Amino acid sequence: ANLDNSSADALSPQPVKVTGTNTFNENAGGLSVASIGAISANNITANANTSGHGAYLGNRLFAATAGITLTGINVLNDNVSGSGLYAESYGPITVNSVTASGNNGNGAWLNNSGAPTAQAVKLTGTNTFNDNASTGFAVASAGAITVNNVTAIGNSSSGASLDNSSGTAGVTLTGANVFIGN
């Protein structure tokens with residue numbers, strides 16, 4: 001599914017909301033959202049898609065500073081030509097309970113590093129990133145990075161890459177975190 005309001009009025013950006021339980025399996029592409037407004041999505045399942053990412057959530061257009069929020073339980077596995085989850089924003093990014101394993105790119109890539117002011121990235125809930133062709137999950141941000149309850153096993157590059165070297169905020173890991181064989 002392709003949801004695009006990126007050509008909307010930049011002076012009055014409208015949000016994109018994906019609510020309920022949402023399944024995007026075995027398609028050419030999973031879920032793709034391009035917006036100049038806030039993006040919120042809930043309970044995304046996007047498995048075994050043959051092109052693109054399992055879910056792409058992007059609102060970095062025209063220096064929009066609205067954030068991205070992914071809630072519920074999210075499963076993004078075995079996507080053939082991209083990451084399980086790819087989120088890019090100039091606003092804060094908050095993602096909850098992601099399983100992204102067996103993808104041909106990263107399990108998840110969360111990037112708000114180009115924001116005009118430092119914005120936080122938060123990974124909440126319980127999260128699993130196993131057996132991805134690149135990094136289990138990667139974050140690029142100038143703001144604070146907070147990560148909770150991560151299991152990352154058997155990823156080809158590394159279990160996690162948490163980079164906020166362009167900012168002054170910290171990186172915090174909470175809960176039980178397991179990184180093996182990456």
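Contact here means heavy atoms within 4.5 Å. That is the cut-off behind the neighbour list of isoleucine 44, which we get to in the core view; everything below refers to a predicted model.

**Figure 1. The whole chain, before zooming in.**
This predicted model has 0 helices and 21 strands. Its C-alpha atoms fill a box of roughly 50 × 40 × 25 Å along the principal axes. For 182 residues, a compact globule would have a radius of gyration near 16 Å, and the chain, at 15 Å, agrees with that. As for burial, 45% of the 182 residues count as buried. Take the contacts with a separation of 6 or more: 61% of them come from residues 24 or more positions apart.

**Figure 2. The open sheet that starts at E1.**
Here 7 strands line up as E1-E4-E7-E10-E13-E16-E19, with parallel pairing. The edges are strand E1 (2–5) and strand E19 (160–163), each of which pairs on one side only. From one strand to the next, the twist averages 5 degrees.

**Figure 3. Close-up on E10, E13 and E16.**
Strand E10 (residues 85–89) runs parallel to strand E13 (residues 108–111), and 4 bridges join them. Another 4 bridges join E13 to strand E16 (residues 137–140), again in parallel. Follow asparagine 111 and you can walk across: glutamate 88 has asparagine 111 as its bridge partner in E13, and asparagine 111 in turn has alanine 140 as its partner in E16. Tryptophan 109 is bridged too, with alanine 138 as its partner in E16.

**Figure 4. The aromatic cluster.**
What does Trp109 link up with through ring pairs? Ring pairs tie Trp109 into a cluster with Tyr56 and Tyr86. The count of aromatic pairs comes to 3. A pair of aromatic rings is described by the distance of the centres and the angle of the planes.

**Figure 5. The open sheet that starts at E2.**
Another set of 7 strands forms an open sheet, in the order E2-E5-E8-E11-E14-E17-E20, and the pairing is parallel. Strand E2 (16–18) and strand E20 (171–174) sit at the edges with a single partner strand each, so one side of each has no neighbour in the sheet. The twist averages 10 degrees from one strand to the next. Zoom in on strand E8 (residues 68–71) and strand E11 (residues 93–96), and you find a parallel pair with 3 bridges. Leucine 70 has valine 95 as its bridge partner in E11.

**Figure 6. Isoleucine 44 in the nonpolar core.**
Which residues touch the most other members of the largest nonpolar core? In that core of 31 residues, the answer is Ile44 and Leu85. Leaving out residues up to four places away in sequence, isoleucine 44 touches Val18, Asn22, Phe24, Leu31, Ala55, Leu70, Ile73, Asn74, Val75 and Leu76. Leu70 on that list is also the residue bridged to valine 95 in E11.

**Figure 7. Leucine 173 on an edge strand.**
Leucine 173 belongs to strand E20, one of the two edge strands of its sheet. Is leucine 173 buried, exposed or partly exposed? With a relative accessible area of 42%, leucine 173 is partly exposed, because buried means under 20% and exposed means over 50%. Beyond residues up to four places away in sequence, leucine 173 touches Val147, Leu162 and Phe179. Now pick glycine 29 as a far reference: leucine 173 and glycine 29 are 144 residues apart in sequence, and their C-alpha atoms are 32 Å apart in space.

**Figure 8. Two residues with a positive phi.**
Most residues other than glycine have a negative phi. Serine 97 is not a glycine, yet has a positive phi of about 45 degrees. You'll find serine 97 in the loop between E11 and strand E12 (98–99), where its 11% relative accessibility makes it count as buried. Aspartate 131 is not a glycine either, and its phi is positive at about 55 degrees. Aspartate 131 lies in the loop between strand E15 (127–128) and E16. Unlike buried serine 97, aspartate 131 is exposed, with a relative accessible area of 53%.

How values were computed:
Residues are numbered from 1 along each chain as its sequence is written. This is a predicted model: local features need pLDDT of at least 70, side-chain atom pairs count only at pLDDT 80 or more; totals for chains, interfaces and linings use all residues. Side-chain values use heavy atoms; hydrogens and water are left out. Two strands pair if DSSP finds at least two bridges between them. Axes are lines fitted to C-alpha atoms, for helices over the stretch in contact, and angles run from 0 to 180 degrees between N-to-C directions. Rings of Phe, Tyr and Trp (its six-membered ring) pair if their centres lie within 6.5 Å; planes under 30 degrees apart count as stacked, over 60 as edge-to-face and the rest as tilted. A nonpolar core is a set of buried Ala, Val, Leu, Ile, Met, Phe, Trp, Tyr and Cys residues joined through side-chain atoms within 4.5 Å. Buried means under 20% relative accessible area, exposed over 50%, partly exposed in between (1.4 Å probe, protein chains only). The radius of gyration is taken over C-alpha atoms; the globule rule is 2.2 Å times the number of residues to the power 0.38.
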